[in-house]
Amino acid sequence: DACKMQQPEQGVWSLTSENDIFGGTDRNYSNGLRIERVRPENCLTPGLGWVAARLPFLDLERTDLRQGFALSHAIFTPENIELTDPDPNDRPYAGWLYFSATAVATTPLSDRQMEQDVLQINLGVVGPAAGGEWVQREWHALIDVVDPQGWDSQLSNEFGAELILQRTRKYEGFDLPLGLKTDYALHGGAALGNVRTYASLGGVARIGWDLNADFGPPRIRPALAGAGVFEPGQPFGGYLFAGIEGRAVARDIFLDGNTWADSASVSERRNFVADAQMGIALHNENVQIAFTYVHRTEEFVAQAGPQRFGAVSISVAR
């Protein structure tokens, strides 16, 4: 059994928190939290192993397969959370609570190239059952800031499903003094579902040490995200990174409103959105801490400027 032969430190636990407090606001994508477990290489459930063996583009002799499971929560709010009756042109209140199952296939193409495919299925609920109102009000009471007043107008309960596909190809760059390495990665992907439907293209460049430890730090999608895989190759490592992703958006429930019920929505959603990001990731032994600063372009016409938020993650290989 390939799974039983793996060392226990090869699995990864990660916790990711995203919040717009890093951008000095409390609006739009207000908060996200995700806890994830990625299992050791080739430690697959029978169903995933059966599927992987039948995918024609996967060479199982060259490909490391992993699977992950995660629980995530996200909160979206309008610009002015003090209004009992929110601005009808602004983004509606919404919560999104969901479970994720992820399959990650990593393949070395040559000494200087690697490819990673990600398949992620998200299943959960949008609306009051997601608990967005309770989370935001309790948090605001704890830190003694304004109590949000408009949650009565939030999106209605709706089962949410997303299928996300992404392919990333990473290329080694040039070497620098002090043992510094460089690399860059290009990716394309798509999401399909009643929560979000979009196509994406992007790229990331990095400079640092032990770059083969991952494809980037974990994030909450949609994002320029790693796959939650972290395999340190030396006791200390880290890198600076910067990247950009563009998305052509066909549906976003948090802007378009409920699929099968009347609800609040924005009047003019933008069809194209871009994220620019920069950050740092550091690891010591089997623990990695990363910070990402994100600038997201306006997602609807009435939005009061672009959004800026930060993401903090901690990953432990064990």
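Helices, as counted here, are DSSP runs of H or I with at least four residues, and strands are runs of E with at least two, numbered from the N terminus. In these terms, Asp144 of this predicted model falls in the loop between α2 (132–143) and β6 (158–172). Its phi is near 60 degrees, a positive value in a residue other than glycine. Asp144 is also exposed, with a relative accessible area of 69%.

A second aspartate makes a helpful companion to this one. Asp210 has phi near 55 degrees, again positive in a residue other than glycine, and is placed in the loop between β8 and β9. At a relative accessibility of 13%, however, Asp210 counts as buried, because the cut-off for that class is under 20%. The loop between β8 (196–209) and β9 (236–252) is also home to Pro222. The peptide bond leading from Arg221 into Pro222 is cis, and its omega is near 5 degrees.

Turning to the chain as a whole, the secondary structure amounts to twelve strands and three helices. The radius of gyration is 20 Å, close to the 20 Å expected from the globule rule for 318 residues, so the protein chain is as compact as a globular protein of that length. The C-alpha trace extends over about 60 × 45 × 35 Å along its principal axes. Among contacts with a separation of 6 or more, 70% join residues 24 or more positions apart. Buried residues make up 48% of the 318 in the protein chain, while carbon and sulfur atoms provide 61% of an accessible surface of about 14800 Å². As for charge, there are 40 negative and 26 positive side chains, and the centres of these two sets are 6 Å apart.

Two further residues show how parts of the sequence come together. Ser100 sits in strand β4 (residues 94–110) and is buried, at 1% relative accessibility. Its side chain forms a polar contact of 3.3 Å with the side chain of Arg34. Leaving aside residues up to four places away in sequence, Ser100 touches Arg34, Gly68, Phe69, Ala70, Gln120, Ile121 and Asn122.

Gln10, by contrast, belongs to the segment before β1 (12–19) and is partly exposed, with a relative accessible area of 21%. Although Gln10 and Pro40 are 30 residues apart along the chain, their C-alpha atoms are separated by 5.0 Å. With residues up to four places away in sequence again left out, Gln10 touches Arg39, Pro40, Arg66, Glu231 and Arg318.

Notes. Residues are numbered from 1 along each chain as its sequence is written. This is a predicted model: local features need pLDDT of at least 70, side-chain atom pairs count only at pLDDT 80 or more; totals for chains, interfaces and linings use all residues. Side-chain values use heavy atoms; hydrogens and water are left out. The radius of gyration is taken over C-alpha atoms; the globule rule is 2.2 Å times the number of residues to the power 0.38. Buried means under 20% relative accessible area, exposed over 50%, partly exposed in between (1.4 Å probe, protein chains only). Contact means heavy atoms within 4.5 Å. Accessible areas come from the Shrake-Rupley method with a 1.4 Å probe; for residues, only the protein chains shown count as cover. Lys and Arg count as positive and Asp and Glu as negative; His and the chain ends are not counted. The place of a charge is taken as NZ of Lys, CZ of Arg, CG of Asp or CD of Glu. A polar contact is a pair of N or O atoms within 3.5 Å; within protein, one must be able to donate a hydrogen and the other to accept it, and residues adjacent in sequence count only if both atoms are side-chain atoms.
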